[in-house]
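Student: Can we go through this one by asking what each label rests on? I'd like to see the cut-off behind every term.

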Amino acid sequence: MVTIKNKKAVRVPAPTDQKVYSNYFEDGEMKGVSARGDAVLDISKDANHTDGGQQCVVVSGRTSTWHGVQLDISRLVETGSIYQFSAWVRQDSGASQDIGMKFQYTDLDGNARYFPVTSDDKDASAASGEWVQLYGEKRIPDYSGSLLLYFEVPTSATADFMLDDLEINGKPVSFNAFKITDEIYAQMKENGVLSTGNNARIKEVISRARAGEDVTLAYIGGSITEGALASPNAKCYGQVSAETFAQIYGKDGGSNVHFVNAGMSGTPSSLGIVRYDRDVVGQMTTGGCPDILFIEFAVNDYGECTDGGAYEGMIRRALKAGTAVVLVFSIFQSGRIMEPAYKKFGEKYDLPMISMGNSIEKYFKEEDFFNWYFGDTLHPNNTGHQLMSDCIMNLLDKIDKEDLEEDNIDPSNLPEPTVMSADSFTDIRMFDPNTDISQVSAISELTVGSFSGTDGNTGKFQYPYKGQNNQPWFPENWMHTSTSGCDSFKATVNCKTLMIVYKLSSSKTTGSMDLYVDGQKKKTISGYSASGWNNATPEVLFTESEAEVHTIELKMSADSENKEFTLIGFGYSE
């Protein structure tokens, strides 16, 4: 058996068993295929390999050689049995590239394993513009957790590629699927409503939507809100619930109801509050602030740097602007993370709350339930996203049917915060290289020094950002390169709170920098972590009761002057 390197018909050994998986992508469904790393997946109608077909998957937005596409095959295959794997791939980079089809798993000793699936144990050499078949027969190893089949381009960190006609043949695996009934699903929706809270603001939004006024539903959170493992991304809980809201409460087809997705994978509320103006308010197409804000950080905030201050600050910021706030508590297979700690905020401000733990945790021990709801151990699949949306819509339906209450929040006189530091973060603003400091009174001086480069590898949104696909998270940044010198980054800022946001990378070319406030060294910050994945990381530099003028200086540590470090931006409060 060989790896085929062109589109000519070549005989492949007939499969010895049944087809256990196939996806030709003609129906536009991913069927469990998901992005790997920073890659972005789209269905293309411009190229395909399928005879008589029209579509394939395009893998773009890659920023590292291992980024690509993957499929969790744990439920499809049986340990010890032999399976045949086949897929067609193509790249149009203008030069030949290697493309690999491989397994990733954890062995029974806890070691991470990666090895080729192709029968010659080699990556295929793919000429630009030609379809290449990857084929292999492999015995399924003993493993724990998940077994991933993945595709990568080890010779290029950025080359786009296409995937089509993915097939797996072998011994079918029998299992007892989770038995969902209408009664169970209805109970899930009912249990998911933790509280309807004070209904005044949401009832007003519903009334305005019915009257044909423009209203905006905004969603901010981590990868679940961004729509990781929703396939396509439009199936994420935010967009599905916003579209359903438009159908039920909107006028003339719901065109007066608008949707903002401000999710960003792997990010806590402390980064959410820094980018709030840019990614929530900045995506508003009707001006002003969102009418309803759904906040979903309950699985990302473990150990975050403000100890809940940014989360409560975000609530207070929205309430001050007249926005209705709904707290959404997501859940992992490992259980609830921050819901027990964050419910107190919903109770204090009498907010509507959704608990996916209440909705589904009782079913965790049911046969195959995880595969019914989750796409992996962390993220919902399309069924899970739909259930999240249905819980939200059940909440709104309950509120719609309630008698109107008086608004319990005076925007000009909020109650004392639960977390003492919350108001240090409520009005955080962001500045980065895109900020015109001549228009910002708090920043009187800025010198970038050797942080004069721009890092093009800071991750990309999985959804259309401001109407554009494949947009980078932080296109504007200050990057110190290996050759940019040793000059310090300096800023003079009049503020009471200052946060720094930087990129965390697993590349050993990344170094550390020393941070000085008013001439005193405060800390050394390393941009390197073995678990980093080019993710934005916030840290609090200081919080004070009154705004004062401070001089901030950042310079590479003595052993890192020839290494890289990326400053994404700062959050400050006057």
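Tutor: Sure, and let's begin with the cavity lining: α2 (200–210) and β17 (324–329) each supply at least two residues of the lining of the largest cavity. Keep in mind that this is a predicted model, where local features need pLDDT of at least 70, side-chain atom pairs count only at pLDDT 80 or more, and totals for chains, interfaces and linings use all residues. Residues are numbered from 1 along each chain as its sequence is written, and side-chain values use heavy atoms, with hydrogens and water left out.

Student: What makes a run of residues count as a helix or a strand, as with α2 and β17?

Tutor: Both are DSSP runs numbered from the N terminus: helices are H or I with at least four residues, strands are E with at least two. α2 gives the largest share of the lining of the largest cavity, 3 residues.

Student: And what makes something a cavity?

Tutor: On a 1 Å grid over the protein atoms alone, a cavity is a set of points where a 1.4 Å probe fits but cannot get out, and lining residues have an atom within 4 Å of a point. Points are joined across faces, edges and corners, and the volume is the space filled by probe spheres set on them. By this rule there are 2 cavities of 30 Å³ or more. The largest has a volume of about 100 Å³, and of its 14 lining residues the closest to its centre are Asn-198, Arg-201, Val-325, Leu-351 and Pro-352.

Student: How is the lining of the largest cavity divided by class?

Tutor: It has 9 nonpolar, 2 polar and 3 charged residues. Ala, Val, Leu, Ile, Met, Phe, Trp, Tyr, Cys and Pro count as nonpolar, Asp, Glu, Lys and Arg as charged, and the others, Gly among them, as polar. The second largest cavity, of about 60 Å³, has a lining with 2 nonpolar, 4 polar and 3 charged residues; Asp-455, Lys-503 and Phe-565 are among them.

Student: Why is α2 called largely enclosed?

Tutor: Because 8 of its 11 residues are buried, where buried means under 20% relative accessible area, exposed over 50% and partly exposed in between (1.4 Å probe, protein chains only). The buried residues of α2 include Arg-201, Lys-203 and Arg-208. Just after α2, Gly-212 takes a positive phi of about 95°.

Student: How do you know whether Cys-56 and Cys-305 are buried or partly exposed?

Tutor: Cys-56 is at 0% relative accessibility, so it counts as buried. Cys-305 sits at 32%, so it is partly exposed.

Student: How many disulfides does the structure hold?

Tutor: It holds 0; a disulfide is a pair of cysteine sulfur atoms within 2.5 Å. For Cys-305, the nearest cysteine sulfur is that of Cys-495, 15 Å away, and Cys-305 is in no disulfide.

Student: Why is Thr-458 called buried?

Tutor: Its relative accessibility is 2%, so it counts as buried. Thr-458 is found in the loop between β20 (443–447) and β21 (478–480). Leaving out residues up to four places away in sequence, Thr-458 touches Trp-473, Phe-474, Asn-477, Lys-503 and Asn-534, with contact meaning heavy atoms within 4.5 Å. The C-alpha atoms of Thr-458 and Leu-504 are separated by 9.4 Å, though they are 46 residues apart along the chain.

Terms used: 1 Å grid on protein atoms, 1.4 Å probe; cavity = no way out; pocket = protein on both sides within 12 Å on 5 of 7 lines; lining within 4 Å.
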